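Please look through the structure shown below together with the briefing that follows. The points are grouped by topic, so that each can be found in the structure as you read.

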Amino acid sequence: MKGVLDFCLIFLTLHIPGVVSLSTHVAIIYPQDPVLRIGSNLTASCWVHPELGVHASSLFWTLNGQQLPSSFYRVLSATNLSVTLAGLNASKQTSGDNLVCHNHKGHILAGSCLYVGMPPVKPVNLTCWSRNTKDLTCSWAPGGKGETNISTQYKLKYKLRWYGTEKECADYTHTQPYSCSITQDLHLFTPYEIWVEASNQLGWATSDVITLDILDVVTTDPPSGVTVSRVGQLEDQLSVRWEAPPALKDFLFQAKYQIRYRLEDSQDWKVMEDVGNQTSCRLAGLRPGTVYFVQVRCNPVGIYGSRKAGIWSEWSHPTAASTPHSERMMSGSCDSKSSGDSNSTLRRELKQFFGWVRKHAYGCSSMSMKLYDQWRVLMQKSHKVRNQVGSPRG
């Protein structure tokens, strides 16, 4: 806060024409740089040195450059003019509101900064994660409405649960506004106690203490080497393959994965939850002749013996591929009415069977899909033969 106060005084003395240096004691405002709660009343006095030869009744006040009504003033003596401000609103900037005393010519005689705000509320939503066990980053949110309107400091504190000494996180340069990263002297297999302290000149507050083991909050880089390819000429399927996160290849852990995919012209992702720990998957039931975007993410499970699941990584960069065009769409021909009637029952039964197989294969289960693939290829070839037989000869 001291740095902010100094900034306010320097601003007043160096950047406004006609200012008289406060070091000469030609004029003084009291109280100087007060810190007040929102809704408070303030009476400030501007005292001028008798040698200045200025009567207090000729002075006037401004707040943030706006002249205050004379009805707010009171002449206390020939050298002292007060102003009373009732029900103060929050400061418009954390560097303070400028309350200034002027002589009759408008020159600045003295200035003060008003800091009007609220004490901090207990910080909330304290959450921590470790990137590849190399650091421990925590983020939080200010309590209440989140704005005290005056300069408020937040300190992330931590210690080893049973025998550690209290320490303060030093790296507050993380991309998030309320976060800090601990990058040195990390201990695995030992729980930490972590909390946040908030303070300003009106009070202080402390968050709830959370206890965690770094191994329980590990997150990884996204899976690498994601490829998406066609499955032969199967018009409604794509094959997805990927590699485990590089930074954790040498660690003793099991990973579980999720896949999500969407149509090229859609923003709605469909998530496959039960991919398991395998690094390949078959997407079925897709639209023929359609471009799909696919992403994969990873969650380390059981890392170094931890029984808790870690934290999902970010999604990998989108990878695109298209399904083959349908033979029926490309042929441009159609069956006669009689042929359609004779095959309607068979088509319906095959559709039901296909739906059953697709339902049980969804989620990249360990079920063999060899028979299903053979059946699909056979049906496509059969349909193609029927089209050729039924088409008119030249």
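In this predicted model, the charged end of R260 is placed over the ring of W269, at 4.3 Å from the centre of that ring. Aromatic rings also meet one another in the structure, where a search of the whole of it finds 5 aromatic pairs. The points below begin with these rings and then turn to strands, backbone angles and a pocket.

**Aromatic rings**

- One of the aromatic pairs is formed by Y154 and Y178, whose rings meet edge-to-face, with 5.2 Å from centre to centre and 75° between the planes.
- This pair links distant parts of the chain, since Y154 belongs to strand β12 (residues 153–160) while Y178 lies in the loop between β13 (167–168) and β14, and the two residues are 24 residues apart.
- The angle of 75° between the planes of Y154 and Y178 counts as edge-to-face because that term applies to planes over 60 degrees apart.
- Y154 is buried, with a relative accessible area of 15%, whereas Y178 is partly exposed, with a relative accessible area of 28%.
- Y154 and Y178 also belong to one aromatic cluster together with W140.

**The open sheet and its edges**

- Four strands make up an open sheet of 4 strands with mixed pairing, and their order across the sheet is β14-β11-β10-β18.
- The edges of this sheet are β14 (179–182) and β18 (218–219), each of which pairs on one side only.
- Strand β10 (residues 124–131) runs parallel to β18, and 2 bridges join these strands; in this pairing, R131 stands opposite T219 of β18.
- At the other edge, S179 is a residue of strand β14, and S179 is buried, with a relative accessible area of 1%.
- The C-alpha atom of S179 is separated by 5.5 Å from the C-alpha atom of C138, although the two residues are 41 residues apart along the chain.

**Strand β4 and its two partners**

- On one side of the account stands the antiparallel pairing of strand β4 (residues 60–63) with strand β8 (residues 97–102), which extends over 4 bridges.
- Strand β4 is also joined by 2 bridges to strand β5 (residues 66–67), and these strands run antiparallel.
- T62 takes part in both pairings, as T62 stands opposite V100 in β8 and has Q67 as its bridge partner in β5.
- The hairpin of β4 and β5 has 2 residues between its strands, and within this hairpin N64 takes a positive phi near 55°.

**A second hairpin**

- Strand β6 (residues 73–77) and strand β7 (residues 80–85) run antiparallel and are joined by 4 bridges.
- The connection from β6 to β7 is a hairpin through 2 residues, and S77 stands opposite N80 in β7.

**Backbone angles in the loops**

- The peptide bond that leads from Y30 to P31 is cis, with an omega near 0°, and P31 is found in the loop between β1 (27–30) and β2 (35–37).
- D33 also lies in the loop between β1 and β2, and its phi is near 55°, which is a positive value in a residue other than glycine.
- N64, in the loop between β4 and β5, likewise has a positive phi, of about 55°, although N64 is not a glycine.
- Is D33 buried or exposed? D33 is buried, because its relative accessible area of 11% falls under the limit of 20%.
- N64, by contrast, is partly exposed, with a relative accessible area of 31%.

**The second largest pocket**

- Rolling a probe the size of a water molecule over the atoms shows where empty space is left.
- The second largest pocket holds about 270 Å³ of space.
- Which residues lie nearest the centre of this pocket? Of the 14 residues that line the second largest pocket, those nearest its centre are L63, N64, N89, K92 and D97.
- By type, the lining of the second largest pocket consists of 8 nonpolar, 4 polar and 2 charged residues.
- N64 therefore appears in two settings, being partly exposed by its relative accessible area of 31% and also being among the residues nearest the centre of the second largest pocket.

Conventions
Residues numbered from 1 in each chain as written. Predicted model: local features only at pLDDT ≥ 70, side-chain atom pairs only at ≥ 80, totals over all residues. Heavy atoms only, no water. Pairing = 2+ DSSP bridges. Buried < 20%, exposed > 50% of the residue type's maximum accessible area, 1.4 Å probe, protein only. 1 Å grid on protein atoms, 1.4 Å probe; cavity = no way out; pocket = protein on both sides within 12 Å on 5 of 7 lines; lining within 4 Å. Points joined across faces, edges and corners; volume = space filled by probe spheres on them. Nonpolar A, V, L, I, M, F, W, Y, C, P; charged D, E, K, R; others polar. Phe/Tyr/Trp six-rings, centres within 6.5 Å; stacked < 30°, edge-to-face > 60°. Lys NZ or Arg CZ within 6 Å of the ring centre and 35° of its normal.
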